[in-house]
Amino acid sequence: MKIEIPLTETVYLVLLSMIKANHGYGVQQFVERETDGRVKFGPGTLYGAINNLAKKKWIEPLPKDKNDRKKEYIITELGLMNLKAEISRMNQVLKIANRQLEENNEKV
């Protein structure tokens, strides 16, 4: 299994939104809500990311009810490994930044 970091913000947010089963519109809502509207995915960006992540096997579709038009996806073990690796990487970067700011009496 291959770890590929750093992740783009789009990939990071889509993976986070699929820790629980989610569909495209649900992902859009999650991202807008959690970023306080700073990030808004257009359909091309969102579905391009979903298709790419499915090809990499970082997410997978759930079995679909014939009457349900919404296709739901969930993060896979490989996707979760990459997400956790990215969180660890970002925590390290944040730790460095905070230490540097503290040493120079700066605050965020």
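1. Exposure of Asp36. In this predicted model, Asp36 has a relative accessibility of 74% and therefore counts as exposed, since the cut-off for that class is over 50%. Asp36 is placed in the loop between α2 and α3. Its backbone also deserves attention: although Asp36 is not a glycine, it has a positive phi of about 55°.

2. A second positive phi. Lys57 is likewise not a glycine, yet it has a positive phi, here of about 70°. This residue lies in the loop between α3 and β1, the strand that spans 59-61. With a relative accessibility of 58%, Lys57 counts as exposed. Why are such phi values worth a remark? Most residues other than glycine have a negative phi.

3. A cis peptide bond. Which form does the peptide bond from Ile5 to Pro6 take, cis or trans? The bond is cis, and its omega is near 5°. The point merits a check by eye, because most peptide bonds are trans. Ile5 is found in the segment before α1, the helix covering 9-17, and Pro6 lies in the segment before α1 as well.

4. The surroundings of Ile5. The relative accessibility of Ile5 is 37%, so this residue counts as partly exposed; the class in question runs between the limit for buried, under 20%, and that for exposed, over 50%. Ile5 also contributes to a nonpolar surface patch, which it makes together with Met1, Ile3 and Met81. The area of this patch is about 370 Å².

5. The nonpolar core. The largest nonpolar core holds 22 residues, and among these Val14 and Leu15 touch the most other members. Two or more residues of this core come from each of the following elements: α1, α2 (24-34), α3 (43-55), β2 (73-75) and α4 (77-103). Which element gives the most to this core? The answer is α1, with five residues.

6. Aromatic rings and charge. How many aromatic pairs does the structure hold? The number is zero. The ring of Trp58 nevertheless has a charged partner: the charged end of Lys56 sits over this ring, 4.6 Å from its centre. For a student viewing the model, Lys56 and Trp58 can be located on either side of Lys57 in the numbering, the residue with the positive phi discussed in the second point.

Notes: Residues numbered from 1 in each chain as written. Predicted model: local features only at pLDDT ≥ 70, side-chain atom pairs only at ≥ 80, totals over all residues. Heavy atoms only, no water. Phe/Tyr/Trp six-rings, centres within 6.5 Å; stacked < 30°, edge-to-face > 60°. Lys NZ or Arg CZ within 6 Å of the ring centre and 35° of its normal. Patch = residues over 30% accessible without salt bridge, like charges linked within 9 Å, V, L, I, M, F, W, Y side chains within 5 Å. Areas by Shrake-Rupley, 256 points an atom, 1.4 Å probe, with all protein chains shown as cover. Salt bridge = Lys/Arg side-chain N within 4 Å of Asp/Glu carboxyl O. Helix = DSSP H or I, 4+ residues; strand = E, 2+ residues; numbered from the N terminus. Buried < 20%, exposed > 50% of the residue type's maximum accessible area, 1.4 Å probe, protein only. Core = buried A, V, L, I, M, F, W, Y, C linked by side-chain atoms within 4.5 Å.
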